[in-house]
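Trainee: I have a new model open on my screen, and I would like to learn how to read it. Could you walk me through it?

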Amino acid sequence: MPKKPSSEQLGSQQDIEQVRALILGKENHLVKETIKKEARHTVSHVLTEALHDRQNQDGSVDKVLQPLVEEAVKHSVNHNRERLVSSLYPIVGSLVRKSVTAFLADFMEKTNQLIENSLTIKGIKWRIKAWQSGVSFAQYAASQTFVYRVEHILLIHRETGLLLKAVDLHDNGKSTADLISSMLTAINDFVGDSFLANEDGLKEQLQSVSTDNFSLLIKPGPCALVVAAVIGNAPQKVSDQLQLTLEEVHRLYLEELNNFDGDDLPFDNSENLLRDCLLSEEKSLKKNTGTMSWPAWVLAGILVLFAAFQVITWFGNQQLADRIRQLDLQPGIILKQLNVLGHDEILLDVLRDPDAITIHDWFQTNGLSMDAVKLSERRYFSLDPDILYRRAQQLLKPYPDLNINWQNNILILSGTLDLLNTEKLLNALSVAGFSEEVNLNTRQLGSVSAIAPDNEPDIKQHVFNTLIGRISSVQFDFAVASEEVTPKMQLLLQSVYQDITRLIPLAKELNLDFALVVIGSSDKSGNKTANRALSLNRAQNIAQALIQLGLSKKSIFVTGLGQLDIARVGDTARAVMLNVLVTSKAIPQARSR
Amino acid sequence: MIQKKICLLGASGVGKTSLVKQFVEGIFNEKYLTSIGVKVDKKIISLAEQQVQLMLWDIEGQDRYHVFQERYLRGAAAYIIVVDQTRTISLRQGIDIHTLARQSTNCPAILAVNKNDLPAAWRLDEDEYASLAPLFDLHFSTSAKTGEQVEAMFLAIAELLHGNKKNDITT
């Protein structure tokens, strides 16, 4: 408490004044002038201490200064607002941040209650994970919601729009950052001038620019701006960090910013400050990529089921197709096309020998249903051994006396049969696909029995002609420059021999004579003389083979034609042909006479 | 690197955009020019000692429909008044713009008389030149079409600004 002067003190001060007046008299004003001259110097030495002492003494300094300070601040606000804002900026930023933090805490608490009341599947899932992680539900929800990454940070000089420093996440350089900085400043100026000033008389400022892919967060300060290019949904944390960085930049580089003349070198060290703003939440990003919402799970489940169904159906169809393809192994059946579209639609295109099993029977035998089969069937003549044997059995039914032997896919006939039936049977077998040198052996078929006396001469003649025709149709083909009788020819020779032996009794009964003409030929290659000799040798070799089988040499005439100059066959005419010359029996001379 | 903000001012159609079009690096579409009234390009000039990057603010032409955009002049290290030597009126408009600009800034001003590949519609006599020359720190006769004096102008601006800076340091 300031002490009040006592009556004794007041009395002594008055005494001093009287003594001073008596001593100095009229020269008092000289003393005052002298003191006044030194007053500024003298007072400056004790001003601070005097203010301090007086404030302690009676607290009057505050009262005196308060209106002065208020007036000065008011004057600054009215006339030098930018400077005042620059000076107060770091303090105000901190105060605002505390206020905003308090507000956000309250807001998050309320949001927490709202989210806790929600009963979505995602909410329940997050609640479980938050409980497992030991954090509050709101915190976990926030971490799941905010997925972002700050890609670039630009520090821009406010007045000139020039780039002071740029940093980016991938260190790709700043090829266009300077242009973007200037253009952003121009746009900001454009916005500032295009809209009305706010209540405080300050121009409007761009705070953010958003596109489909990223957002630009702009933090304007009195001398510089910090701009962040953010991918994703930037949380408040990014904005807070930008604000902190901006304040720090102003605190550390205020002088450089005010004296900026285009040289960005002094701001090189601001890189570390700006890098603090390159925030991201890649961890939560990874988590999010691994988690799917329940509709996605349902959709994925449906897709998996559908795929599984398709695979099972395809597998089933393949199995069914494999089973049906076994039909192709069946004798007398050729599978042309099979298309299994499902168990309810099978397209089947086959060729079937009439002696083969029917498709219906085969399906029934194999436990398959014909209901879904759309069958397209055409007939053909099969030479499958099983079908041939089946066919031969049917042909040989009328001849129970004959023995049938089926060995190595060759039909061996034995026993005796009259000539007429023999020819009939052999003709039928030939039509059915049997050939003497391939799959038929009739050598054990007994010698031809005499034709019954009551047989008509016309029938005998018919059989005789048939045999002659068959013998005449025989041709032995030779290799180039070869005259050798091959084993393959032996079968044919055997057949010819049998036909001739059948011919002999018939000729006798019909009163006819016959001779076998064996004719050789050769192709056009080589000289004519050699070819003639070659053709003759071929014919002689065939004749000799027949003689060895038992034919009479007298009834055989051998000739060689040499080379055949015939356009189409001249090059391959390496053969021996047979012909039968038939004449009526010569009547004895005496008798005729 | 030293960066300098340079503004291009002038009446409509004097060739401001053409003047810098072939000599600068830019990423922005010219639609910016008509929508917000400015487009920024850059030009790096190599001086003997170092490089100077000029940020060229091509400001939309000023005429009876487009008033002078003072806001874009803020912080400029220099500005170029571009006039068209085939249109006498463009010189008068250029002087008017220069007068307006001088109310906002005292930075160096450069006069570029453009389209010197075409016949001139006016020619300054000595008195006129004497009255006009002191208004500008540098003046050039340029052609955006042939490129004449364009590089030289940017180089001279860079040297002027860099020289000013050195003088600042020495004084």
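**Reading the fold, step by step**

Mentor: Happily! Among contacts in chain A between residues at least 6 apart in sequence, 66% join residues at least 24 apart. Keep in mind that this is a predicted model.

Trainee: How many helices and strands does chain A have?

Mentor: Chain A has 18 helices and 15 strands. Of its 593 residues, 23% are buried.

Trainee: Which residues have the most contacts inside the largest nonpolar core?

Mentor: They are A:Ala228, B:Ile6, B:Cys7, B:Trp57, B:Ala78 and B:Tyr79, in a core of 83 residues. Strand E5 (residues 224-232) of chain A supplies the largest share of this core, seven residues. For a close-up, pick B:Ile6: leaving aside neighbours within four places in sequence, its contacts include B:Leu56, B:Trp57, B:Ala78 and B:Ile157. A second, separate core has 29 residues, among them A:Ile468, A:Ile471, A:Val518 and A:Leu546.

Trainee: Now the helices. What describes two packed helices?

Mentor: Two things: the angle between their axes and the distance between the axes. Try helix H2 (residues 28-58) of chain A with helix H3 (residues 60-79) of chain A: the angle is about 110 degrees and the axes are 6 Å apart. Angles of 65 to 115 degrees count as roughly perpendicular, so H2(A) is roughly perpendicular to H3(A).

Trainee: Which residues make that contact?

Mentor: From H2(A) come A:Leu51, A:Arg54, A:Gln55 and A:Asp58, and from H3(A) come A:Ser60, A:Val61 and A:Asp62. By class, the contact of H2(A) with H3(A) has two nonpolar, two polar and three charged residues.

Trainee: And at what angle do H16(A) and H17(A) pack?

Mentor: Helix H16 (residues 487-509) and helix H17 (residues 528-549), both of chain A, pack at about 60 degrees, with axes 10 Å apart. That angle makes H16(A) oblique to H17(A), and their crossing is right-handed. A:Leu493, A:Gln494, A:Val496 and A:Tyr497 of H16(A) meet A:Ala545, A:Leu546 and A:Leu549 of H17(A). Here the classes are six nonpolar, one polar and no charged residues. You have already seen A:Leu546, which belongs to the second core.

Trainee: Last one: how many residues of chain A are in contact with chain B?

Mentor: On the chain A side there are 18 residues, in contact with 20 residues of chain B. Sorted by class, the chain A side has six nonpolar, five polar and seven charged residues.

Definitions and conventions:
Residues numbered from 1 in each chain as written. Chains lettered and ligands numbered in written order. Predicted model: local features only at pLDDT ≥ 70, side-chain atom pairs only at ≥ 80, totals over all residues. Axes fitted to C-alpha atoms, helices over the stretch in contact; angles between N-to-C directions. Helix = DSSP H or I, 4+ residues; strand = E, 2+ residues; numbered from the N terminus. Parallel < 35°, antiparallel > 145°, perpendicular 65-115°, else oblique. Left-handed = near helix turned anticlockwise from the far one by under 90°. Contact = placed C-beta atoms within 7 Å. Nonpolar A, V, L, I, M, F, W, Y, C, P; charged D, E, K, R; others polar. Buried ≥ 20, exposed ≤ 12 C-beta atoms within 10 Å, placed from the backbone. Core = buried A, V, L, I, M, F, W, Y, C linked by C-beta atoms within 7 Å.
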